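User: I am new to this structure and would like to know how its labels are justified. Please set each value against its definition.

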Amino acid sequence: VYVYPDAQRKHNHTDLTAALSSQTRLSKHTWWENRLSYSHNRLRAGPMSGDINTSGRYNQALGLHTINDYLRLDEQRFRWQMRSVLSAHVPRLLGEHQFKIGFEWTVTAQRVFSSMTGGGRYVDRDVDPVNPDSGVGLPYRFQQLVNPNDTIAVADQEVLFLQDVYKPFDRLTIRPGVRLVSSRVRNHQGQMLVISNTISPRIGISWDPWGDGKSRIQAGYYQ
């Protein structure tokens, strides 16, 4: 596939992220962390020329895109996230423990608008004998877009997790934990598309054979 200069496509991508975080020490061995964040991502694509009223052409025989790019795309994603974690250090309980219990809440909204320049595009075949170097062929059919695609999907997820970093002695670290995840996805009409509830146990083991922090033997199970 070859694209003539007048049919080239441009992309524009922007990102915005803002966050607030705090850490509060509740006691000598206990602290509470909170984080609230928002992000916005946007991807726009369209003709390099900026002309959205002229239909593009595609020569099926030569694999050439000419006259104008056919795509108009505007995709946006908005995400709100909250995370709260309570941590406790227990230095003497058959070894050393670092307990964590936390909650995460995420809402993501995605909007996608897609259309075609000029309301559709021409599909050509063969080569125009009058102007063979133009890449434009003989009209074969016109692909018309009746209604642009403009959809919104909203997903929310809640996560509850519990974990421990347990060191029975200096060279051995055991990390048991469990995550409970509840997720839902709805379309722009409010219809439920996905419902998921899972429990994910996990455990990791790390052994430092020489106690110098340079070499480790690790194993784990994560779901």
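User: What makes the pair formed by the backbone nitrogen of Gln-98 and the side chain of Asp-164 a polar contact?

Analyst: The backbone nitrogen of Gln-98 lies 3.3 Å from a polar atom of the Asp-164 side chain, and a polar contact is a pair of N or O atoms within 3.5 Å, where within protein one must be able to donate a hydrogen and the other to accept it, and residues adjacent in sequence count only if both atoms are side-chain atoms; the pair therefore fits the definition. This is a predicted model, in which local features need pLDDT of at least 70 and side-chain atom pairs count only at pLDDT 80 or more, while totals for chains, interfaces and linings use all residues. Residues are numbered from 1 along each chain as its sequence is written, and side-chain values use heavy atoms, leaving out hydrogens and water.

User: Why is Asp-164 said to have no salt bridge?

Analyst: A salt bridge is a side-chain nitrogen of Lys or Arg within 4 Å of a carboxyl oxygen of Asp or Glu, whereas the nearest side chain of opposite charge to Asp-164, Arg-175, is 9.1 Å away, so the definition is not met.

User: Why is Ile-67 called partly exposed, but Leu-94 exposed?

Analyst: Buried means under 20% relative accessible area, exposed over 50%, and partly exposed in between (1.4 Å probe, protein chains only). Ile-67 has 36% relative accessibility and so counts as partly exposed, while Leu-94, at 76%, counts as exposed. Ile-67 has a positive phi of about 70° although it is not a glycine, and Leu-94, also a residue other than glycine, has a positive phi near 55°.

Definitions and conventions
Lys, Arg positive; Asp, Glu negative; His and termini not counted.
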